[in-house]
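Student: I'd like to learn how to read a model like this one, feature by feature. Could we go through it together?

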Amino acid sequence: MKVRVPTNSGLARFVLGPVGRTLLIAGAVATILCFGVFTYFYLVYAPLIDKKLGEGPIANTAKIFAAPEAVSVGNTSTPETVAADLRRSGYTESRSNPTGYYQLYPAAIEVYPGPDSYFDQEAGLIRFSGGKISSIVSLQDNTARNEYQLEPQLITNFSGPNREKRRTVRFADIPKVLVEAVTSAEDKRFFQHSGFDPVRIVKAAYVDVREGRKDQGASTLSMQLAKMFWLDQQKRWTRKLAQVMITIQIEQRMSKEEIFEDYANDVYLGSRGSFRIHGFGEAAEAYLGKDLSQIDVSDAAELAGMIQHPAAYDPYHHPDRVRERRNVVLNLMRQNGYIGDRDYAKAADAPINVPKAAAQSIEAPYFVDLVSDTLQSRFQDTDLQANAYRIYTTLDMRLQRDAGEAVRMGMQNVDEQIRRQRRFKGKTVPEPQVALVAIDPHTGEVRALVGGRSYGASQLNHVLAKRQPGSIFKPFVYAAAMDTGVDGAAQVLTASSMVDDEPTTFWFDNRAYEPSNFEHEFMGHVTLRTALAHSLNVATVKVAETVGYQSVVEMANRAGMNYHIQPTPAVALGAYEITPLEAVGAYTLFANQGVYVKPNFLTLVRSQDGHVLYKGTAEKRSALDPRVAYLMTNLMEEVLRSGTAAGVRSTYGFLVPAAGKTGTSRDGWFAGYTSQLLCVVWVGFDDNSDLGLQGAFSAAPIWAEFMRRALSYREYRDAQEFRVPNGIVTVEIDPASGMPATPNCPKTQTEVYIAGTEPVGSCPLHGGRTGVTNVAGWDSEAPARAGDSGASHIGAGEVARRAARQTPPDTAAETASAPPNPKKAPPEKKGLLRRLLDVIK
């Protein structure tokens with residue numbers, strides 16, 4: 001039966017009337033517009049969604065890793081300590097982790113590298129007893145090992161321009177209690193709705209209207225994920241429409257478990273230092289010191305509570321707020337039936353604990369900047385930060401932690417000294433800055449780097465800042481002097497050559513140059529050893545004048561210092577600027593037996609598919625005779641023994657074999673090394689004003705603290721006496737004359753020389769027999785030479801002798817068998833008559 005609407009009815013008149021037609025047209029237009037907007041957003045965002053879903057949540061994230069660490073039988077350690085290190089390397093207890101996983105036992109830990117591991121290494125079992133590693137066994141062939149390499153620790157992620165820390169987890173590895181905490185806090189109907197929660201939207205709107213402000217959020221986890229992955233942070237209406245569109249798409253294409261997994265890996269959870277923390281995996285390590293699999297109800301509520309406002313709920317800065325917010329989440333979990341009253345009460349009473357410094361994720365922001373700049377320079381046509389490259393570096397995370405602590409302690413001491421200076425009485429005391437860089441002197445690999453006091457306060461990397469090096473440059477003056485013993489110079493200088501330390505005017509380019517010593521004190525007639533040990537300015541300029549300023553500049557260039565250094569008298573006192581990074585590279589000349597090694601940071605760069613894009617090699621060159629390098633090391637050992645850095649030993653208790661030099665310009669410096677580690681420290685003001693502190697009291701204490709801490713690690717603790725190359729001889733001399741000592745000399749010391757340059761004769765101040773000469777690799781009496789005048793003398797007008805040089809045997813066998821220290825021949829036994837004759841003399 002047909003229903004007919006009478007044409008004169010009210011409905012017909014309305015539909016067919018002008019108002020009805022207008023509304024019909026408006027509705028049609030609105031429908032077309034909505035369809036157009038939908039089509040536009042679909043065409044714009046559908047390809048982006050497809051691409052993102054295909055790549056995963058953090059596909060375009062470059063990762064920067066530190067150097068791998070090794071554990072050895074006998075090391076002090078526990079299973080929990082090794083597990084913590086492995087977690088910082090990206091390992092978990094999940095077998096599906098591509099980096100690797102571990103299994104923890106009361107007195108052992110099993111380590112299983114995954115397909116994405118840094119090295120192709122067998123699984124290992126590490127056993128512990130009495131707080132030490134008792135044995136290491138390969139799980140591949142069940143044989144014993146003395147050492148096992150642990151995975152390099154992740155320093156940071158790069159996602160575009162952002163510096164981030166994160167460690168990915170799979171949904172199956174996320175504790176159920178964390179899923180319940182997050183959904184209770186953020187989206188309790190997450191597993192029921194289709195991307196939007198109408199009940200929550202209506203409730204949020206009601207509360208906002210009632211309160212008269214927009215305070216309630218209605219975004220579901222799916223909507224938050226859409227915003228995190230695809231949208232910028234600018235608030236505009238098109239962004240909200242795009243968020244709705246993307247939410248619909250991801251709900252259709254992804255399961256709830258996949259959505260939650262991506263959310264759990266990308267949610268922002270605050271910052272530690274200069275790094276943004278993303279994902280619950282990294283947050284658990286950063287804020288709880290735990291692997292995500294180990295968290296309990298209280299921990300889960302704490303992490304879920306941080307989502308709302310990460311900065312406000314940072315447990316390091318606001319533990320009371322964190323506790324309050326955590327308990328709110330716990331109450332929501334109780335209301336949703338996830339926990340009972342007893343579990344709630346226990347979790348709510350739990351304290352807010354943050355990991356100690358040793359358990360926190362370690363950062364190295366200035367080092368990361370240096371690596372990033374190097375990568376951009378080396379790979380100019382490749383956007384490394386926008387690709388999933390794995391970048392492996394030379395950084396030792398243990399030393400990096402110790403460097404940061406040494407700087408913190410040392411700068412507190414510097415601040416206190418500066419506050420006591422009269423010039424700042426009643427004034428605001430400026431904050432001095434600092435730089436520390438430590439390298440392996442044989443490979444040039446940077447092991448620790450601190451570029452300033454606080455990266456958040458200043459991103460200026462002071463390791464790269466050019467400053468006057470002051471007296472840490474002086475060893476290159478004396479190296480040029482010692483080099484006269486091998487380069488055929490007309491005048492040969494040795495460690496016992498004498499120089500007059502007295503007020504002197506130097507003329508250069510028709511201009512007078514009048515340096516002075518510290519506090520205008522002069523020591524008179526001294527050996528070159530004494531002049532360097534006590535950092536005597538006038539004496540050093542005299543040495544530079546004698547060997548030639550150009551020779552000093554050439555020595556600096558051989559050591560890798562910049563070519564802006566000029567051959568003037570001021571060069572001897574470090575007046576031309578260099579960077580701390582240049583300085584640490586330059587000192588490899590001495591620490592590495594005359595071989596210069598350029599500091600380097602990168603070991604390996606791999607693409608996402610494992611292709612090696614770059615493999616680092618040390619840039620080395622022989623730049624100094626190893627005998628000269630040894631003489632300089634021996635002279636700088638004197639600096640720590642009796643010179644300007646004696647406090648390193650007497651005050652700070654650093655007693656292992658070491659060599660170094662203090663420096664004081666407007667800043668404070670210290671450069672020093674053992675047989676295994678080389679470190680340079682700089683302290684100064686950014687505006688280049690005078691620090692007013694000697695390097696011995698500003699930089700040297702930081703150096704000593706850092707190097708002392710380094711001794712606790714196997715790789716650095718076995719600091720040996722510096723190796724003596726073939727062709728080094730020793731002579732017992734009188735330092736007052738620089739000549740071989742007699743039995744009547746009141747004070748004697750053993751001096752080292754390149755064979756053939758040692759003084760011959762006897763001390764003219766006390767008379768007597770010639771000295772006894774010992775050669776590294778063979779022993780011989782020093783031949784007497786007629787007409788030999790003895791020690792070279794700088795500044796008294798005496799013409800220095802030209803030593804008859806011997807060519808020492810130099811075979812691999814003899815080099816390998818060279819003794820660690822020159823041996824002194826036993827004193828000659830004398831009869832009664834001979835002793836009486838000596839007295840008569």
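Tutor: Happy to. This is a predicted model, and confidence is a good place to begin: the chain has a mean pLDDT of 83, with 78% of its residues at 70 or more.

Student: Which residues have a pLDDT under 50, and how many contacts does the model give them beyond four places in sequence?

Tutor: One such stretch is residues 357–361, with 15 contacts beyond four places in sequence. Another is residues 777–791, where pLDDT is below 50 and the model shows 37 contacts beyond near neighbours in sequence.

Student: On to sheets. What holds the strands of a sheet together?

Tutor: Backbone hydrogen bonds pair the strands, in either a parallel or an antiparallel sense. Here, take the open sheet of five strands ordered 3-4-5-6-7, where the pairing is antiparallel.

Student: Why do strand 3 and strand 7 each have one side without a neighbour in the sheet?

Tutor: They stand at the edges, and each has a single partner strand, so one side of each has no neighbour in the sheet. Strand 7 covers 144–145.

Student: How do strand 3 and strand 4 pair, and over how many bridges?

Tutor: Strand 3 (residues 100–105) and strand 4 (residues 108–113) are antiparallel, with six bridges. A hairpin of two residues links strand 3 to strand 4. To find your place in the ladder, look at Gln-103, whose bridge partner in strand 4 is Glu-110. Moving across the sheet, strand 4 is joined to strand 5 (residues 124–129) by four bridges, again antiparallel. There, Val-111 sits opposite Gly-124 of strand 5.

Student: Which helix packs on this sheet, touching strand 3, strand 4 and strand 5?

Tutor: That's helix 3 (residues 79–88), and its direction makes about 165° with that of strand 3.

Student: What is the strand order in the open sheet that includes strand 26?

Tutor: Its five strands run 15-14-26-25-24, with antiparallel pairing. At the edges are strand 15 (446–450) and strand 24 (659–664), each pairing on one side only. From one strand to the next, the twist averages 5°. Within the sheet, strand 25 (residues 668–673) and strand 26 (residues 678–684) are antiparallel and joined by six bridges, and Gly-668 has Val-683 of strand 26 as its bridge partner.

Student: And which helices pack on it?

Tutor: Helix 14 (residues 397–419) touches strand 14 (433–439), strand 15 and strand 26, at about 35° to the direction of strand 15. Helix 21 (residues 626–641) touches strand 24 and strand 25, and its direction makes about 65° with that of strand 24.

Student: Now the interior. Which residues touch the most other members of the largest nonpolar core?

Tutor: Phe-476 and Phe-590, in a core of 94 residues. Beyond four places in sequence, the contacts of Phe-590 include Phe-476, Leu-624, Met-632 and Tyr-673. A second, separate core has 47 residues, among them Leu-225, Leu-288, Leu-303 and Tyr-316.

Student: Last one: which residues of helix 18 are buried, and what covers them?

Tutor: Helix 18 (residues 549–558) buries Tyr-549, Val-552, Val-553, Met-555, Ala-556 and Asn-557. Their cover includes helix 15 (474–482), helix 17 (537–547), helix 20 (588–591), strand 17 (506–508) and strand 23 (620–622). Keep following the chain just past helix 18 and you meet Gly-560, which has a positive phi of about 85°.

Terms used
Residues numbered from 1 in each chain as written. Predicted model: local features only at pLDDT ≥ 70, side-chain atom pairs only at ≥ 80, totals over all residues. Heavy atoms only, no water. Buried < 20%, exposed > 50% of the residue type's maximum accessible area, 1.4 Å probe, protein only. Contact = heavy atoms within 4.5 Å. Pairing = 2+ DSSP bridges. Axes fitted to C-alpha atoms, helices over the stretch in contact; angles between N-to-C directions. Core = buried A, V, L, I, M, F, W, Y, C linked by side-chain atoms within 4.5 Å. pLDDT = per-residue confidence, 0-100.
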